[in-house]
2 protein chains.
Amino acid sequence: MTHPEPDGPPAHGPSRRRFLTGAGLLAAGVAGGAVAGGAAGYAIADDPAPVAKDSVPFYGQHQAGISTAAQDRLMFAALDITATDPKQVALMLGRWSAMAARFCAGEPVTSAPTKPSQPPLDTGETMGLPASNLTITVGFGPSMFDDRFGLTGKMPAALKPLEVLPGSSVIDPAISDGDLCIQACADDPQVVFHAVRNMVRAARGTAVLRWSQLGFGRASATGAGQSTPRNLFGFKDGTNNIHADNATALDDYVWVGNESDQDWMAGGSYLVARKIRMEIESWDADFLSDQERIFGRDKSSGAPLTGKKEFDTIDFGAKGDNGKPIIDVNSHIRLAAPEQNIGTKLLRRGYNYTDGQHPGTGKLDAGLFFICFQKDPRSQFAALQTKLGKSDLLNEYITHVGSGLWACPPGLAKAGDWYGKSLFAGQLK
Amino acid sequence: MTHPEPDGPPAHGPSRRRFLTGAGLLAAGVAGGAVAGGAAGYAIADDPAPVAKDSVPFYGQHQAGISTAAQDRLMFAALDITATDPKQVALMLGRWSAMAARFCAGEPVTSAPTKPSQPPLDTGETMGLPASNLTITVGFGPSMFDDRFGLTGKMPAALKPLEVLPGSSVIDPAISDGDLCIQACADDPQVVFHAVRNMVRAARGTAVLRWSQLGFGRASATGAGQSTPRNLFGFKDGTNNIHADNATALDDYVWVGNESDQDWMAGGSYLVARKIRMEIESWDADFLSDQERIFGRDKSSGAPLTGKKEFDTIDFGAKGDNGKPIIDVNSHIRLAAPEQNIGTKLLRRGYNYTDGQHPGTGKLDAGLFFICFQKDPRSQFAALQTKLGKSDLLNEYITHVGSGLWACPPGLAKAGDWYGKSLFAGQLK
């Protein structure tokens, strides 16, 4: 046994449902007074996770799943905390940390055999499957910093809840926000489901699932190496994104530095998620020329309408024979371009989704589960969305239906560290 | 251009929404009187589809996606026909046939360039992606054989709607049945979504989406070759399934032969789908020994409780020290075993699913989208489910919430053939 392992559910009890109440989960850690010990009651081993095949390193300065090259599958979950004792929340976060480290190394909740008279500690559906490049990214929502846990003084200014931005009038609270978020990404949906399922299980009695979303994406297999994936409008999405190997851009736009008003966020990043429904039936009836005008790009190649290849520099000044700009003044790429937004960039990491058909209309319910990471959502996502929401030609075909903002703390340094350790410092006496 | 290509939406018109009404789709084929010509108004080329990388042959004696080794991803869709003219239905089926042949070869709806003043004929999200072993399997539900299309005399006796079987009391009509079904399977969710989306698009004005379901599964990567995938209870599922290379078993249990009361079904098969919700929170709280008693197998290895390895023969007569059968009399493997069911077998091809959380309870909504194929559902699925629904120990943890039955006609022989050609023969004068 080389990894920290969460305490299991009780080996026996008057009711097999006892585990569901969370009482069993908490008994060992809290009753043992181990919460303030650092890792919330877990037996800690110091050795790092072995490097499994197709695995992304878990420990490090930053959480994985942010600058990590996007995997093919997503399960995103938002949870609300039902507990009132910060120790209980810390215990759960410690448990999550230990589990996440193991899952990302392709291991189950525990390597110890389950006793026959115990519920299995791991739900089992990934037995025999590889790590599949799983990453788990955890974030804290603005609501974590109300008066429940004594964290009001630790709320970063940048975590101020998003205002109702243009184009956001029909956002549904039932698929928005949440005290905590888990972004699980991997190359296998069974692996992301397993991670979220077991973390939700480990949260029982402390937090409950608020909403969740599955997503998919796939970089094109053609061309040299992987190329830009396509969204469900059929256009390449992410051509000018910040790339994982651009450390300067990541420092400039994504990672919170020492300038933050809250030390615990240094090395972290802010996650904005928007569930953007696409009116794909209407889109599919639009002319190709209009679709390309709306995006400002050629649909097939992804080249800007002023260029020939996907990565050609966009010429915003170029005019057509009719004297009008070739890149429409309200096209998506013009409104979103850093050159048109005092250099503003963010790291996008969105996934396509379909939830089957839309209740009532029978239309396919599908779109983009947009995720982005940034230093400061006020000057990055909010500023861009304010502009896009007002003028983007794409708005005729999209509807923002869900929204959320979370502060993702820095990476865990090593086994024994846990999500929010420095955030909760001082609350666990 | 080597493949039949559906007629496109109108190149121009008073409204770009004209396509949505379906009027445009139909104008060319029906007005041209081409429906009865065999392929419902399509320009036909005789050459077979080229063999794309990672592709499953489309033309053949049987539809692909039945005995084909299960791919990793599923999108299943059920549609209801809104048209009343059988010619219009045949036109749509001809269009589907041509599209399906192209998609399964990794090609878009058409290889002809779209005119700028036209909506793109293909929605585009798979541009650059390989065929990904896509298979498309089409079926006709019992409701197709009411008095709308003159097909009442062609309804096979085996397509009699399933009775309310034990364990089916809460089946929701909104996610059950449908005049038509499409089972799209591939190794990429973007590819299965694209197939269903474009087929639904091509059905506009003739049929509408009734419900749909995404699914996933993954054979374990360990062991010699691919091994048995696990369901979301964490158990291996499909150990004793009929395998693709067992031609005798396929002929005995899966493919409809010449004995059918309806010639048009020779070479076809009957598809039963059941959406089976798993009460995973309750399951996760059950003891390992109880989980294994319910299935009759070891959770980790998949071995029957009377054996050591997954494929060991089950000893139904073996008794434990307490004098009781080691394989519980109401365990899942005993009740489902052919040896206990006068040899009855069926070909299972199910997928795991999660739809996020269950509305109201907040529990994870997940389970098994069970699909099976057989010669005759009355003596196969219905007989087995009658037994399982009454006594299976698993019933405490599962709920059948959706159900459907479709007759999947034989495979298309070559370009120009279409789904239901012999079914509709005589209705297209």
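**Helix packing in chain B and a buried helix in chain A**

In this predicted model, B:Thr126 lies in the loop between α3 and β2 (135-140) of chain B, where helices (H or I, at least four residues) and strands (E, at least two) are DSSP runs numbered from the N terminus. B:Thr126 counts as buried (under 20% relative accessible area, 1.4 Å probe, protein chains only), because its relative accessibility is 14%. The side chain of B:Thr126 forms a polar contact with that of B:His194 at 3.5 Å; such a contact is a pair of N or O atoms within 3.5 Å, one able to donate a hydrogen and the other to accept it.

B:His194 also takes part in the packing of two helices. The axes (lines fitted to C-alpha atoms over the stretch in contact) of α3 (residues 86-104) and α4 (residues 189-202) of chain B come within 10 Å and cross at roughly 155°. The two helices are therefore roughly antiparallel, a term for angles over 145 degrees. In α3(B), B:Met92, B:Arg95, B:Trp96, B:Met99 and B:Phe103 meet residues of α4(B), among them B:Ala195 and B:Met199, with contact meaning heavy atoms within 4.5 Å.

In chain A, six of the eight residues of helix α7 (residues 288-295) are buried, so this helix is largely enclosed by the rest of the structure. The cover of its buried residues includes α6 (280-284) and α8 (332-336) of chain A. A:Gly296, with a positive phi near 90°, follows α7(A).

Residues are numbered from 1 along each chain, and chains are lettered from A in the order in which they are written. Local features need pLDDT of at least 70 and side-chain atom pairs 80 or more, while side-chain values use heavy atoms, without hydrogens and water.

How values were computed:
Axes are lines fitted to C-alpha atoms, for helices over the stretch in contact, and angles run from 0 to 180 degrees between N-to-C directions. Angles under 35 degrees count as roughly parallel, over 145 as roughly antiparallel, 65 to 115 as roughly perpendicular and the rest as oblique. Buried means under 20% relative accessible area, exposed over 50%, partly exposed in between (1.4 Å probe, protein chains only).
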